[in-house]
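Reader: Hi, I am new to this one, so could you walk me through it slowly?
Author: Gladly; here it is, and then we can take your questions in turn.

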Amino acid sequence: MAKALFGHVGSGSDMRLSYEVRRLRARVAELEAELARVRAVNEALVDGVDVPADVRSLEVEPALT
């Protein structure tokens, strides 16, 4: 009897887990697509900016040390 109950409860949980995994994979795909779009926009903006040579030669320092 206990095995039957456990199997019944486990299958419902597996379906919920499967649904959650599908939902999360879809969300990851959406975020990856958005990231690709934002990177493309960022590259287009960077290409349109003229940075003087003296500014490009500056060394990057960490914000927090």
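**Salt bridges first**

Author: The count of salt bridges comes to two, a salt bridge being a side-chain nitrogen of Lys or Arg within 4 Å of a carboxyl oxygen of Asp or Glu. This is a predicted model, in which local features need pLDDT of at least 70 and side-chain atom pairs count only at pLDDT 80 or more, while totals for chains, interfaces and linings use all residues. Residues are numbered from 1 along each chain as its sequence is written, and side-chain values use heavy atoms, with hydrogens and water left out.

Reader: Ok, what does arginine 23 form a salt bridge with?
Author: Its partner is glutamate 20, and the closest N and O atoms are 2.7 Å apart. The two are three residues apart in helix α1 (residues 2-47), so about one helical turn separates them.

Reader: And are those two buried or exposed?
Author: Arginine 23 is partly exposed, with a relative accessible area of 40%, and glutamate 20 is partly exposed as well, at 31%. Buried means under 20% relative accessible area, exposed means over 50%, and partly exposed lies in between (1.4 Å probe, protein chains only).

Reader: What about arginine 27, which residue does it form a salt bridge with?
Author: Arginine 27 pairs with glutamate 30, the closest N and O atoms being 3.2 Å apart. They too sit three residues apart in helix α1, which means a separation of about one helical turn. Arginine 27 is partly exposed at 42% relative accessibility, and glutamate 30 is partly exposed at 47%.

Reader: Changing topic, how many helices and strands does the chain have?
Author: The protein chain has two helices and zero strands; these are DSSP runs numbered from the N terminus, with helices (H or I) of at least four residues and strands (E) of at least two.

Reader: Where is valine 55, then?
Author: Valine 55 lies in helix α2 (residues 53-56), and it is partly exposed, with a relative accessible area of 42%.

Reader: And how much of the whole chain is buried?
Author: Of the 65 residues of the protein chain, 0% count as buried.
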